[in-house]
Amino acid sequence: MESVERKMDQIGRVVIPRHMRTAYGIDGEGTDVELIPMKDGILIRQLKPSCLVCKSEDNLISYRDRYICEECLKGFNEQDK
Ligand SMILES: [Zn+2]
């Protein structure tokens, strides 16, 4: 896919072209995205669920729209003993 150029508006908004949003799964209104600072720019990607403690994206358990990984949950449970 080729790069595109866009102008930013007064408050920092930039429109991501539809074909790019579709290709990367960020095309639904209200889709959460993550802005990741990189060495020479900003990476925009769909926000993936991650553990609220260690940020791992593996072995997640959801609770009230938040996620925790099995390892951290095990850590909490062992702390109670
Ligand atoms: Zn964790």
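**Close-up 1. Arg 45 pairs with Glu 34 in a salt bridge.** In this predicted model, the closest N and O atoms of Arg 45 and Glu 34 sit 3.0 Å apart. Arg 45 belongs to strand β2 (residues 41-46) and Glu 34 to strand β1 (residues 33-38), so the bridge ties together parts that are eleven residues apart in sequence. How far out in the open are the two partners? Arg 45 is partly exposed, with a relative accessible area of 30%. Glu 34 is also partly exposed, at 26% relative accessibility. As a bit of background, side chains of opposite charge can pair when their charged atoms come close.

**Close-up 2. Arg 45 has a second salt bridge, to Glu 57.** Here the N to O distance is 3.6 Å. Glu 57 comes from the loop between β2 and β3 (60-63) while Arg 45 is in strand β2, so this pair ties together parts that are twelve residues apart in sequence. Glu 57 is partly exposed, with a relative accessible area of 39%. Put the two views together and you get a network of salt bridges linking Glu 34, Arg 45 and Glu 57.

**Close-up 3. Asp 9 and Arg 13 make a salt bridge of their own.** The side chains of this pair meet at 2.7 Å, N to O. Asp 9 counts as partly exposed, at 31% relative accessibility, while Arg 13 counts as exposed, at 55%. How many salt bridges does the model have in total? The count comes to four.

**Close-up 4. Four cysteines hold a zinc ion.** Look for the SG atoms of Cys 51, Cys 54, Cys 69 and Cys 72: these are the protein donors, and they lie 2.3 to 2.4 Å from the zinc ion. What is the arrangement of the four donor atoms around the zinc ion? The donor atoms subtend angles of 103 to 115°, which makes the arrangement tetrahedral. Along the chain, the donors follow the spacing C-x2-C-x14-C-x2-C. Take Cys 51 and Cys 72 as a pair that links distant parts of the chain: Cys 51 sits in the loop between β2 and β3, Cys 72 sits in helix α2 (residues 70-79), and their positions lie 21 residues apart in the count. Are these two cysteines buried or exposed? Both Cys 51 and Cys 72 are buried.

**Close-up 5. A nonpolar patch lies on the surface.** Leu 52, Val 53, Ile 61, Leu 73 and Phe 76 make up this patch, with about 400 Å² of accessible area together. Phe 76 is one of its members, and you can find Phe 76 in helix α2. At 40% relative accessibility, Phe 76 counts as partly exposed.

**Close-up 6. Lys 55 and Arg 64 have positive phi angles.** For context, most residues other than glycine have a negative phi. Lys 55 goes the other way, with phi near 70°. Lys 55 lies in the loop between β2 and β3 and is exposed, with a relative accessible area of 56%. Then there is Arg 64, which isn't a glycine either and has a positive phi of about 50°. Arg 64 has its place in the loop between β3 and β4 (66-69). Arg 64 is exposed too, with a relative accessible area of 70%.

**Close-up 7. Tyr 67 sits in strand β4.** Is Tyr 67 out in the open? At 30% relative accessibility, Tyr 67 counts as partly exposed. How far apart in space are Tyr 67 and Gln 79? From C-alpha to C-alpha the two are 19 Å apart, and in sequence they are twelve residues apart.

**Close-up 8. The protein is split into two stretches by its domain assignment.** That assignment gives domain 1 (1-47) and domain 2 (49-81). Stepping back from the side chains, what separates the centres of domain 1 and domain 2? Taken over C-alpha atoms, the centres are 29 Å apart.

Note on methods. Residues numbered from 1 in each chain as written. Predicted model: local features only at pLDDT ≥ 70, side-chain atom pairs only at ≥ 80, totals over all residues. Heavy atoms only, no water. Buried < 20%, exposed > 50% of the residue type's maximum accessible area, 1.4 Å probe, protein only. Helix = DSSP H or I, 4+ residues; strand = E, 2+ residues; numbered from the N terminus. Donors = N, O, S within 2.8 Å, 3.2 Å for Na, K, Ca; no water. Tetrahedral: all angles 85-135°; square planar, octahedral: opposite > 155°, others 65-115°. Domains from an automatic or database assignment. Patch = residues over 30% accessible without salt bridge, like charges linked within 9 Å, V, L, I, M, F, W, Y side chains within 5 Å. Areas by Shrake-Rupley, 256 points an atom, 1.4 Å probe, with all protein chains shown as cover.
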